[in-house]
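Colleague: Got a minute to walk me through this one? I'd like to start with how far to trust it, then poke at some details.

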Amino acid sequence: MSKGIVRHDFEPKIMGFVCKWCTYSGADLAGTSRMDYSPHVRMVRLPCSGRIDPQFVIKAFEQGADGVIISGCHPGDCHYNEGNYYARRRNLAFRNLMEFNGIDIKRLEFSWISAAEAIKFTQIIDKFTNQVRDLGPNEGYRALLDPYASRLVKSSEESAA
Amino acid sequence: MAKIGVFVCQCGNNIARTVDTADVAKDASEQSGVVFVEDYKFMCSAPGQEAFKKAIRDHDLDGCIVSACSPKMHEATFRNAAEAAGLNPFKVEIANIREQCSWVHNDKEIGTAKSKDLTRMMIQRVKYNRPLERYRMTMTKRALILGGGIAGIQAALDLANAGTPVTIVEKEPSLGGNMARLSETFPTLDCSQCILTPKMVEVQNHPLITIRAFAELEKLDGYIGNFKATIRQKAKSVIDKDCTGCGDCWEKCPFTVESEFDMNLIKRKVIYIPFPQAVPTVPVIDRANCPKFLKDKCGICADVCGPDCIDFTQEDEIIEEEFGAVIVATGFELMPNVYKEYGGSSMPQHLIPKKMNKKQRAAQPRSTSGRLPDVINGLEFERLASASGPTGGEIRRPSDGKKPKTVVFIACVGSRDASKGVEYCSKICCMYTAKHTMLYNHSVDDGKAYVFYMDIRAGGKGYEEFINRAQDEGAEYIRGRVSALRKKGDKILVKGADTLQGCAVEIEADMVVLATAMVPQADAIDFAKTLGISYDKHGFYSEQHPKLMPVDSSTGGIYLAGACQGVKDVPETVAQASAAASKVMQLFSKEELMREPEVAIVDKEHCMNCWDCVTVCPYLAISPEEVKDRNGNVVKMVANVNPGLCQGCGLCNTVCRSKSIELQGYTDQQVYAQITAFEGAFV
């Protein structure tokens with residue numbers, strides 16, 4: 001039944017936030033051209049990369065994502081003239097915040113993929129999937145969520161023992 | 001409690017091959033709020049849509065998910081069907097399980113898992129979709145055409161004859177474009193100007209067409225139906241309405257410079273019309289070269305002008321006009337000769353600046369002024385062969401005016417050459433090279449024409465026959481490339497290879513004609529950014545769909561015609577121009593324009609007037625608004641969105657601190673709901 005895709009011990013969960021004018025169309029083009037790429041990514045279609053709120057990314061990590069990919073139109077090509085510039089700046093600031101909080105910034109990919117760049121889309125998805133797979137499960141974030149939770153569980157176990 | 005219907009499409013075998021659609025439907029049926037699921041072979045077919053409508057009516061659904069192809073394909077189909085069945089169209093969402101799942105993964109287990117996930121995400125999202133109403137808007141039923149070549153002329157005539165007022169903006173002093181430069185056209189050898197100039201005159205005389213020659217578009221604001229164009233009418237130094245086009249000024253003008261229209265092969269006057277049949281027949285003064293402007297000397301033109309319409313103090317005029325639709329027909333130019341071996345400069349294509357000022361452009365290698373003056377390009381040959389050209393239609397070489405006895409034509413210079421030129425085939429060169437050999441053979445009886453070619457591509461009505469005719473008339477076709485051109489006395493030694501015979505060939509030629517590649521205008525990319533349309537890596541403007549929407553640009557209300565969209569010959573350009581015109585007619589045939597309601601709205605209660613949204617809005621659609629109490633006192637200021645200007649990018653939604661402005665259709669709630677359903681299960 002299953003063929004073609006190799007199973008690994010750990011399969012990353014990846015969330016994508018993409019602009020509908022470029023990357024989403026690029027992904028559609030990859031489909032129309034029947035290109036193969038890693039099946040881990042689930043994409044959310046947004047009107048512009050400038051619509052991507054950093055809180056979406058945090059929410060995705062909270063939801064168990066091991067990696068998040070953000071992609072928009074190339075600089076100068078934004079359908080709304082300047083939305084992707086806001087996305088770029090926001091990404092720069094947000095990466096620092098993530099790093100400060102102890103999340104590996106390799107788990108957050110930011111790229112420009114135009115509607116014509118189906119090959120680039122598949123390459124980025126494949127590369128990022130492998131990168132996140134190498135990093136392993138995003139346990140760091142889960143620990144961050146509630147630093148006391150694990151201790152509480154442990155102590156209750158201890159007391160039961 | 002939501003009542004959601006999920007419709008999983010098998011798309012024949014397209015989805016069903018790698019996705020177990022029954023399993024996806026079963027999984028969806030277990031989600032909270034889902035009251036109806038269906039797994040069907042072709043949801044988009046007539047019976048599929050009927051089943052969709054019936055389910056909405058029978059189960060009184062208040063939200064629908066169609067797990068099928070990309071929303072770009074059938075979102076509109078299902079939204080219309082939902083509307084017909086009495087459900088608000090914006091309560092329908094598409095889960096893309098074909099383009100982004102079944103077609104890209106070949107593992108059924110994994111494909112099914114991903115499809116379930118994508119469907120689940122949409123089920124959660126649709127719960128927060130609000131019923132939205134489309135906006136009705138008025139529109140300005142006037143069309144703006146950018147470029148006055150054959151594409152612009154054809155589109156303008158088609159539109160004006162259908163009753164639409166049209167404005168043509170042309171950067172040169174006359175309409176005509178590149179087609180006016182051609183001597184004769186393939187495959188019928190009819191004279192280009194004879195078929196073009198009557199159309200130009202028709203444009204001039206048409207009551208509904210306004211020609212803005214020697215003008216450029218500076219800025220384009222607005223959106224489909226309501227564009228606002230800022231046009232710079234460059235100073236002609238001649239008062240249009242008084243000029244009779246008598247020609248006294250340019251006859252008496254004592255100064256000359258190289259004529260751009262004649263590919264710098266001949267001089268023109270400083271006050272000039274580009275060619276005798278120019279439309280409008282109003283001359284312009286070339287201020288960069290006119291001594292009146294440089295040193296305040298001369299001024300003869302003003303002295304001889306009968307109607308007294310020369311105005312040296314005229315300034316550029318900025319015109320703001322409103323239009324409902326735009327047709328872009330900016331055309332092409334020929335690639336500069338970058339081949340050192342062909343007498344050009346060896347500057348690689350990618351180092352040539354995309355946008356050049358006049359000085360840089362003048363410094364560009366031109367074959368006529370390069371090391372080998374008798375190596376010319378196709379358009380230069382057209383001017384030599386043209387009856388209105390510098391030699392009056394006799395083919396004489398540029399260096400000494402002798403009739404060339406041997407001419408070598410080299411095809412595919414720059415085309416199909418990814419390393420130094422462009423990857424694509426310029427499509428028209430095979431045909432015009434054959435035409436050139438014929439024109440040459442008709443002009444010089446004892447001449448011999450050689451053609452070096454890679455392949456002959458003559459797909460078109462009467463095209464192959466035309467190539468055969470060229471060969472019958474004496475042109476010798478040699479399959480192979482030319483490695484070098486060397487100067488030998490007053491001749492050019494052409495060193496090449498004949499790959500069919502497997503030998504080296506050397507020909508002593510009097511003149512060499514290069515069929516250089518067709519490329520977009522040098523400023524095409526900057527212009528695309530002015531218009532806000534997308535372009536490909538070469539600078540050709542992208543159509544919305546390569547097969548089914550070949551004249552729509554990526555932006556609504558802007559259409560493409562001619563060689564600015566890709567390489568084309570004249571018949572194709574004319575066909576596309578007419579197609580673009582018919583698209584504009586279609587748009588203007590309606591009384592009002594319906595706009596999608598995916599625009600931002602403000603929660604006035606919570607807005608705390610920080611004006612971040614006003615700062616980021618690229619369309620100036622948000623402005624402060626006063627909130628008054630019942631006595632008319634201003635209580636506070638809040639943001640207010642003009643839905644006519646809002647394009648739905650959502651930048652305001654992201655920056656809003658109090659989350660009191662949101663983009664309908666892409667609200668935070670919807671996105672969070674979608675993320676919450678994310679499981680990312682692999683199998």
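**Confidence first**

Modeller: Sure. This is a predicted model, and chain B averages a pLDDT of 91, with 96% of its residues scoring at least 70.

Colleague: Where in chain B does the pLDDT drop below 50?

Modeller: Residues 346-352 of chain B are one such stretch, and the model gives that stretch ten contacts beyond near neighbours in sequence. Residues 364-369 of chain B also stay under 50, with 20 contacts beyond four places in sequence. Where pLDDT is low, the predicted coordinates should not be read in detail.

Colleague: And what are the ipTM and pTM?

Modeller: ipTM is 0.90 and pTM is 0.76.

Colleague: OK, overall layout. How many helices and strands does chain B have?

Modeller: Chain B has 19 helices and 34 strands. Its C-alpha trace spans about 90 × 75 × 40 Å along the principal axes. Of the 683 residues in chain B, 49% are buried. Also, if you take the chain B contacts with a separation of 6 or more, 70% of them join residues 24 or more positions apart.

Colleague: On to the contact between the chains. How many residues does it take from each?

Modeller: 41 from chain B and 44 from chain A. On the chain B side, helices H4 (98-102), H5 (108-126), H18 (651-655) and H19 (668-676) each give two or more residues.

Colleague: Which of them gives the largest share?

Modeller: H5(B), with seven residues. By class, the chain B side splits into 16 nonpolar, 14 polar and eleven charged residues.

Colleague: Switching to B:Asn96. Is that buried or exposed?

Modeller: B:Asn96 counts as buried, because it has 26 C-beta neighbours inside 10 Å and the cut-off for buried is 20 or more. B:Asn96 belongs to strand S4 of chain B, residues 92-96.

Colleague: What does B:Asn96 touch, leaving out residues up to four places away?

Modeller: B:Cys69, B:Ser70, B:Pro71 and B:Leu118. There's also a C-alpha separation of 9.6 Å between B:Asn96 and B:Met122, which sit 26 residues apart along the chain.

Colleague: Any helix packing to look at?

Modeller: Try H13 (residues 429-443) and H14 (residues 463-472) of chain B, whose axes come within 9 Å and cross at roughly 35°. The crossing is left-handed.

Colleague: Which residues make that contact?

Modeller: H13(B) brings in B:Met431, B:Ala434, B:Thr437 and B:Met438, while H14(B) supplies B:Tyr463, B:Phe466, B:Ile467 and B:Ala470. Seven of the residues in this contact are nonpolar, one is polar and none is charged.

Colleague: Now sheets. What's the order in the open one that has S12(B) in it?

Modeller: S11-S12-S17, three strands of chain B with antiparallel pairing. S11 (215-223) and S17 (317-323) are the edges, each with a single partner strand, so one side of each has no neighbour in the sheet. On average, neighbouring strands here are turned by 20° against each other, direction ignored.

Colleague: How many bridges link S11(B) and S12(B)?

Modeller: Eight, with S12(B) covering residues 226-233. One bridge pairs B:Gly222 with B:Phe227 of S12(B).

Colleague: Last one. What's going on with S24(B) and S25(B)?

Modeller: S24 (residues 482-488) and S25 (residues 491-498) of chain B are antiparallel partners over six bridges; B:Val482 has B:Gly496 in S25(B) as its bridge partner. They form a hairpin with two residues between the strands, where B:Gly489 takes a positive phi near 60°.

Note on methods:
Residues numbered from 1 in each chain as written. Chains lettered and ligands numbered in written order. Predicted model: local features only at pLDDT ≥ 70, side-chain atom pairs only at ≥ 80, totals over all residues. Pairing = 2+ DSSP bridges. Helix = DSSP H or I, 4+ residues; strand = E, 2+ residues; numbered from the N terminus. Buried ≥ 20, exposed ≤ 12 C-beta atoms within 10 Å, placed from the backbone. Contact = placed C-beta atoms within 7 Å. Nonpolar A, V, L, I, M, F, W, Y, C, P; charged D, E, K, R; others polar. Axes fitted to C-alpha atoms, helices over the stretch in contact; angles between N-to-C directions. Left-handed = near helix turned anticlockwise from the far one by under 90°. pLDDT = per-residue confidence, 0-100.
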